[in-house]
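Please load the model in a viewer and keep the selection panel at hand. The stops below are meant to be taken in order.

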Amino acid sequence: MAGQITIVSGEDYEKNLDRIKEIVTRLPVETREWAMRAFRYESKKEFNNAANMCRRVLEFCPAEDAAELRMLLGRCNFALKKYFPAEIMFQNLIEEMPDEKLPKLYMGLIFHEMEEYEKALTYLEGIWPVSFVHPDYVDAFGDSLMRTQRKTWKQETFAKAAAAAEACGYQAAPKMLNELYQNLLDLDLKAGKNYAEDEQAYFRFLEAVDMNEKMQDYLSATVAYFSGMLGNRWYRPIFIRFADQIRERGYLKGSKYEITLESAFASAEAHDYNEDIQVNDFMKAVLSAVYLREYDMKETGIPGKKNRIMDNYLTYAWYVCQYYGEHQREFEYIRRNYPIIYGLMADLIERVKANAEEEADRLVKELCEVKPEKISPEQLKINLLLSYARATAPVKKEPSYLHKGDKPYKRMQAKVGRNDPCPCGSGRKFKQCCGR
């Protein structure tokens with residue numbers, strides 16, 4: 001008869017406490033404390049201790065009276081990657097109680113871990129749809145479907161799991177449910193369908209859960225994950241709408257979390273201006289230095305990297321002091337089209353407008369402090385002028401050698417003989433240099 005095994009995992013010990021106490025009261029008196037300890041140890045992920053307590057209980061109890069403790073022992077062996085004893089335990093439970101779904105679930109998880117995906121599916125498909133939500137079930141099921149070339153099934157499975165989670169009032173752990181929706185939205189984007197409705201389902205989930213610090217951590221991780229797709233131009237408007245809704249609904253509060261959204265919007269702008277032919281390479285380098293100083297420097301814990309980012313930013317800030325006067329239209333274009341990234345350097349621009357020479361001197365002093373080697377302000381200015389000239393020099397376009405094949409090929413430049421001077425300017429013969 002189904003329903004004898006009801007504890008899905010050790011994740012929700014406090015939530016299942018009444019049920020655990022009910023299970024324990026059916027055991028011999030002398031084993032009850034050991035059984036309670038076993039469940040507590042599992043909730044703390046002390047699986048060896050939990051397994052030892054289970055074995056002590058099972059020495060005094062008939063197997064048929066301790067299904068939950070046998071299941072717990074199997075879960076502990078699974079968590080400890082002792083798949084063979086876990087498999088034996090779950091197989092025995094399946095033979096004794098064929099209607100129970102949880103032993104079949106764990107058999108499927110074992111075969112998934114052992115990369116035997118077809119065998120995993122015989123168990124995982126057999127218990128679908130589930131009336132419970134397990135931290136690993138949907139991932140293992142979906143991955144097994146992918147590995148066996150059933151991608152459409154995977155998307156449908158995640159969608160059904162999300163619907164089941166909503167129907168039962170989001171009873172599973174928020175972290176697992178957040179990952180479920182993240183996976184579903186990712187699959188929708190790759191498949192090119194159902195994204196809008198599943199995105200709204202995700203927001204219903206966010207409305208329903210307590211947006212505590214942990215949940216904000218999970219949501220921040222999701223925003224960061226999807227911002228990694230901003231290299232796809234078609235996805236940027238979708239992401240901006242997604243991030244806008246999170247901001248408007250106030251899900252992420254406090255500077256720790258708000259910076260995640262700010263950096264995501266700035267990242268979207270960065271991808272846009274890097275593809276914008278109206279923004280020259282020098283300006284792109286300036287904007288990149290500003291972005292890295294604002295976001296990457298805060299995230300890195302490596303002192304050397306922080307110094308390199310600051311050195312790069314101060315160098316380009318000094319360049320701006322030289323560049324701004326004759327290129328104000330370029331900065332105005334950035335202000336109008338990329339307001340977030342412009343806002344990060346607005347104070348610098350105002351100081352340059354007020355007194356570019358004074359700002360340049362201030363930046364030289366700061367640069368002297370972050371340089372790893374000792375250098376005088378005078379020498380640093382010389383170095384900066386030389387590097388500025390290189391940074392703003394026009395980029396020479398390489399000659400094109402593409403040939404469509406619709407006309408006879410005609411050489412665009414004179415052929416370089418083997419004994420001619422090498423065109424790279426090295427002074428050596430072509431055959432001794434680039435013609436080797």
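Are Tyr-202 and Phe-205 buried or exposed? Select the two residues: both are buried. The model is a predicted one, and this pair is the start of the tour.

**Stop 1: a stacked pair in helix 11**

Show helix 11, residues 195-208, as a cartoon; Tyr-202 and Phe-205 both lie in it, three residues apart, about one turn of the helix. A search of the whole structure gives 28 aromatic pairs. Tyr-202 and Phe-205 make a stacked one, with 6.2 Å centre to centre and 25 degrees between the planes.

For contrast in geometry, select Tyr-323 and Phe-331, an aromatic pair that is edge-to-face, at 6.3 Å centre to centre and 65 degrees between the planes. Tyr-323 and Phe-331 are buried.

**Stop 2: the aromatic cluster**

Return to Tyr-202 and Phe-205 and add Tyr-181, Phe-203, Tyr-225, Phe-226, Trp-234, Tyr-235, Phe-239, Phe-242 and Tyr-251; together these residues form one aromatic cluster. Now centre on Phe-242. Leaving out residues up to four places away in sequence, Phe-242 touches Tyr-195, Glu-199, Tyr-202, Phe-203, Thr-222, Val-223 and Phe-226.

**Stop 3: the nonpolar cores**

Which residues of the largest nonpolar core touch the most other members? Select Leu-69, Phe-205, Leu-206, Phe-239, Phe-242 and Ile-246, which do so in a core of 94 residues. Next, show helix 10, residues 174-191: with eight residues, helix 10 supplies the largest share of this core. Another core, of 43 residues, lies apart from it; to find this other core, select some of its members, including Phe-282, Met-310, Met-345 and Ile-375.

**Stop 4: a cavity**

How many cavities of 30 Å³ or more does a search of the whole structure find? The search finds two. Go to the second largest cavity, which holds about 40 Å³ of space. To outline the second largest cavity, select its lining: Ile-7, Ser-9, Gly-10, Asp-12, Tyr-13, Asn-16, Ile-20, Phe-39 and Glu-42. Coloured by class, this lining shows four nonpolar, three polar and two charged residues.

**Stop 5: Pro-85**

Finish at helix 5, residues 83-96, where Pro-85 is found. Why does Pro-85 count as partly exposed? Its relative accessibility is 38%, and the partly exposed class lies between under 20% for buried and over 50% for exposed. Add Gly-74 and draw a C-alpha to C-alpha distance to Pro-85: the two are 7.4 Å apart in space and eleven residues apart in sequence.

Note on methods. Residues numbered from 1 in each chain as written. Predicted model: local features only at pLDDT ≥ 70, side-chain atom pairs only at ≥ 80, totals over all residues. Heavy atoms only, no water. 1 Å grid on protein atoms, 1.4 Å probe; cavity = no way out; pocket = protein on both sides within 12 Å on 5 of 7 lines; lining within 4 Å. Points joined across faces, edges and corners; volume = space filled by probe spheres on them. Nonpolar A, V, L, I, M, F, W, Y, C, P; charged D, E, K, R; others polar. Core = buried A, V, L, I, M, F, W, Y, C linked by side-chain atoms within 4.5 Å. Buried < 20%, exposed > 50% of the residue type's maximum accessible area, 1.4 Å probe, protein only. Helix = DSSP H or I, 4+ residues; strand = E, 2+ residues; numbered from the N terminus. Contact = heavy atoms within 4.5 Å. Phe/Tyr/Trp six-rings, centres within 6.5 Å; stacked < 30°, edge-to-face > 60°.
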